[in-house]
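Thank you for making time this morning. I would like to take you through one chain, beginning with its interior and then moving out to the surface.

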Amino acid sequence: MAAILLILSLVGFFCVPAFSDPDALQDFCVANLKLSNDTPINGFVCKPASAVTSDDFFFDGLSKEGNTSTTFGGTVTPANVLTFPGLNTLGLSMNRVDYAPGGLNPPHSHPHASELVLAVRGELLVGFVSTSNVFYSKVLKPGENFVIPRGLVHFQYNVGKGKATAITTFDSQLPGVVIAASTLFGSKPDIPDKVLAKAFQVDEKIVKAIKSKF
């Protein structure tokens with residue numbers, strides 16, 4: 001009986017699906033974005049190894065502060081496979097997020113990855129809501145981390161007096177992003193006003209007014 005339980009537990013362990021991108025079967029696979037299809041499956045077409053250079057493994061985009069003169073007072077600079085092709089098949093990526101005073105990275109989720117937030121400058125309120133509808137949050141100062149489980153709605157908000165910056169790391173080359181407000185009120189074609197009005201228990205006029213912002 002013990003042997004049977006051991007075998008079943010091992011089978012169960014090895015049958016659990018991976019929670020990050022699949023492991024690569026080669027040293028690297030620099031993405032050739034020009035040859036990739038619109039719907040790549042777990043990665044992009046590889047550039048021939050003979051055409052790969054050191055520059056394919058280098059990216060300086062996160063060294064520059066982003067423009068925070070935006071609607072939400074913040075901006076995201078991504079270092080994912082679309083901007084940094086050397087990440088293709090490696091199962092990781094990063095963002096730099098810059099915030100003006102009072103700036104917000106609005107509620108959103110990443111369907112393909114968990115996220116580790118590192119505060120670099122300023123003070124950030126970081127929080128997420130679990131599937132049990134429990135809100136977890138912390139105010140981060142430089143050098144402090146907060147982890148956000150995969151797929152859960154979360155945000156970052158600058159609660160300090162000056163600018164703020166965070167570096168976010170993901171266990172996917174392309175974590176994806178679903179921004180709650182623009183998804184619900186700015187989708188094309190529109191979600192019917194009646195559906196949103198009933199879901200949020202408000203008048204349809206309010207739904208129309210919110211949609212006009214998107």
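Which residues of the largest nonpolar core touch the most other members? Please keep in mind that we are looking at a predicted model. The core has 13 residues, and the ones that touch the most other members are Y99, V117, L124, V126, L140, F146 and I148. The elements that give two or more residues to this core are β2 (93–99), β4 (115–121), β5 (124–129), β7 (145–148) and β9 (164–170), with β5 supplying the largest share, 3 residues. As background, nonpolar side chains in soluble globular proteins tend to be buried together.

Let me stay with V117 for a moment, because under the cut-off of heavy atoms within 4.5 Å its list of contacts is worth reading out. Setting aside residues up to four places away in sequence, V117 touches V126, L140, E144, N145, F146, I148, Q156, A166, I167 and T168.

One of those partners is A166, which lies in strand β9. A166 has a relative accessible area of 0%, and because buried means under 20%, it is classed as buried. With residues up to four places away in sequence again left out, A166 touches N95, R96, V97, Y99, V117, L118, A119, V120 and L124. A166 and G122 are 44 residues apart in sequence, while their C-alpha atoms are 8.8 Å apart in space.

Now to the overall layout. The chain holds 4 helices and 10 strands, and from the N terminus the order is one α, then the run of β elements, and then α-α-α. Among contacts between residues at least 6 apart in sequence, 68% join residues at least 24 apart, and buried residues make up 34% of the 214 residues in the chain.

Where are the edges of the open sheet? This sheet has 5 strands in the order β6-β5-β8-β3-β10, with antiparallel pairing. The edges are β6 (135–140) and β10 (178–179), and since each has a single partner strand, one side of each is left without a neighbour in the sheet. At the β6 edge, 6 bridges join β5 to β6, and V129 has F135 in β6 as its bridge partner.

Before the surface, a word on the loop between α1 (2–15) and β1 (74–79), where T68 lies. T68 is buried, with a relative accessible area of 12%, and, leaving aside neighbours within four places in sequence, T68 is in contact with G73, G74, D98, Y99 and A100.

Turning to charged pairs, the structure holds 10 salt bridges. In one of them, the side chains of K208 and D193 meet at 2.6 Å, N to O, and this pair links distant parts of the chain, with K208 in helix α4 and D193 in helix α3 (residues 193–200), 15 residues apart. K208 is partly exposed at 48% relative accessible area, whereas D193 is buried at 15%. Elsewhere, salt bridges that share partners join E65, R96, D98, R121 and K163 into one network.

Finally, the outside. L184, F200, V202, I206, I210 and F214 form a nonpolar patch on the surface, with about 460 Å² of accessible area together. Among them, F214 lies in the segment after α4 (204–211), and F214 counts as partly exposed at 41% relative accessibility. For the chain as a whole, the accessible surface comes to about 13100 Å², of which 63% belongs to carbon and sulfur atoms.

Terms used
Residues numbered from 1 in each chain as written. Predicted model: local features only at pLDDT ≥ 70, side-chain atom pairs only at ≥ 80, totals over all residues. Heavy atoms only, no water. Core = buried A, V, L, I, M, F, W, Y, C linked by side-chain atoms within 4.5 Å. Buried < 20%, exposed > 50% of the residue type's maximum accessible area, 1.4 Å probe, protein only. Patch = residues over 30% accessible without salt bridge, like charges linked within 9 Å, V, L, I, M, F, W, Y side chains within 5 Å. Areas by Shrake-Rupley, 256 points an atom, 1.4 Å probe, with all protein chains shown as cover. Salt bridge = Lys/Arg side-chain N within 4 Å of Asp/Glu carboxyl O. Pairing = 2+ DSSP bridges.
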